[in-house]
Amino acid sequence: MEQQNRKPDVLLIIPAYNEAENLPRVVRDITSQRFPMDYIIVSDGSTDDTIALCEREGYHYIALPVNLGLSGCFQTGMKYAYRNGYQYAVQFDGDGQHQAVDIEPLYRKMKEDNYDIVLGSRFLERKKGGSLREIGSRMITGAIRMTTGKHITDPTCGLRMYNRRMMEHFANRKNYGPEPDTIAYLAKNGAKIGEAPVTIRERISGESYLKPVSAMKYMARMLVSILVIQQFRGNKI
């Protein structure tokens, strides 16, 4: 009985900005899994019914009074995970694209060789296609390999698991956004990174902020950061 009541090792951090339509399915997916995991929804200054939904349904959540963007929102979740003694924290989207069934394979990979970060990858078992996003992903993979010597097949996948050492960095240091350029920086400075295959679904409801023009700007910004800015960044891990 004591073993059953033990707190899970894994916390899913769910950044959410106006995701009230998607969150019920996301939470049901998480709570239906046999693999033990907790979750925390971090509402990033949502203006829809996200907070009312969380209150009504008894979801675990943190409400930020203003919109901080993904980096500030995720850092809030990492602080919560670190201070509450979780061993692993997972970046998990609130739009329904990530699947909770993929958390156990990430965990197994993490434990397999004491990785610092395990990235979900759509491309360990299939090649990238010719879409704009997959071309951009291929370019970011090349930039990371050029600057770190590491081959990361899917640097733009947002499903990632971090150990406590990485949790501390994201929780307590500035400029640690959950983006491919930070992964490149951590890899360059000794973080042990693995990948596990995952499947990403289409968004359940609403629109992605990464529309074609935004996606191109995002990819360009990541490339500049990885190839130039990260090479001059201090505070080695």
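**A tour from Phe170 outwards**

Begin by selecting Phe170 in this predicted model: leaving aside its neighbours within four places in sequence, Phe170 is in contact with Phe74, Gln75, Met78, Tyr162, Tyr176, Gly177, Pro178, Thr182 and Leu186.

Next, show helix H3 (residues 69-83) together with helix H6 (residues 164-172), whose axes come within 8 Å of each other and cross at roughly 130°. Because that angle is neither over 145 degrees, which would count as roughly antiparallel, nor within the 65 to 115 range of roughly perpendicular axes, H3 is oblique to H6. If you turn the view to look through the pair, the crossing of H3 and H6 is left-handed. To see the side chains involved, select Phe74, Gln75, Met78, Lys79, Ala81 and Tyr82 on H3, and then Arg164, Met167, Glu168, Phe170, Ala171 and Asn172 on H6, which together make the contact. Coloured by residue class, the residues of this contact divide into 7 nonpolar, 2 polar and 3 charged.

Now widen the selection to the largest nonpolar core, which has 33 residues, and in which Ile13, Met78, Ile117, Ile140, Tyr162, Phe170 and Leu186 are those with the most contacts inside the core. Follow its contributors along the chain: strand S1 (10-16), strand S2 (38-44), H3, strand S5 (117-121), helix H5 (132-148), H6, helix H7 (180-188) and helix H8 (212-227) each supply at least two residues of this core. Of these, H8 deserves its own selection, since H8 gives the most to the core, with 5 residues.

Finally, select Cys54, Ile103, Met161 and Ala196, which are among the 31 residues of another core lying apart from the largest one.

Definitions and conventions. Residues numbered from 1 in each chain as written. Predicted model: local features only at pLDDT ≥ 70, side-chain atom pairs only at ≥ 80, totals over all residues. Heavy atoms only, no water. Axes fitted to C-alpha atoms, helices over the stretch in contact; angles between N-to-C directions. Helix = DSSP H or I, 4+ residues; strand = E, 2+ residues; numbered from the N terminus. Parallel < 35°, antiparallel > 145°, perpendicular 65-115°, else oblique. Left-handed = near helix turned anticlockwise from the far one by under 90°. Contact = heavy atoms within 4.5 Å. Nonpolar A, V, L, I, M, F, W, Y, C, P; charged D, E, K, R; others polar. Core = buried A, V, L, I, M, F, W, Y, C linked by side-chain atoms within 4.5 Å. Buried < 20%, exposed > 50% of the residue type's maximum accessible area, 1.4 Å probe, protein only.
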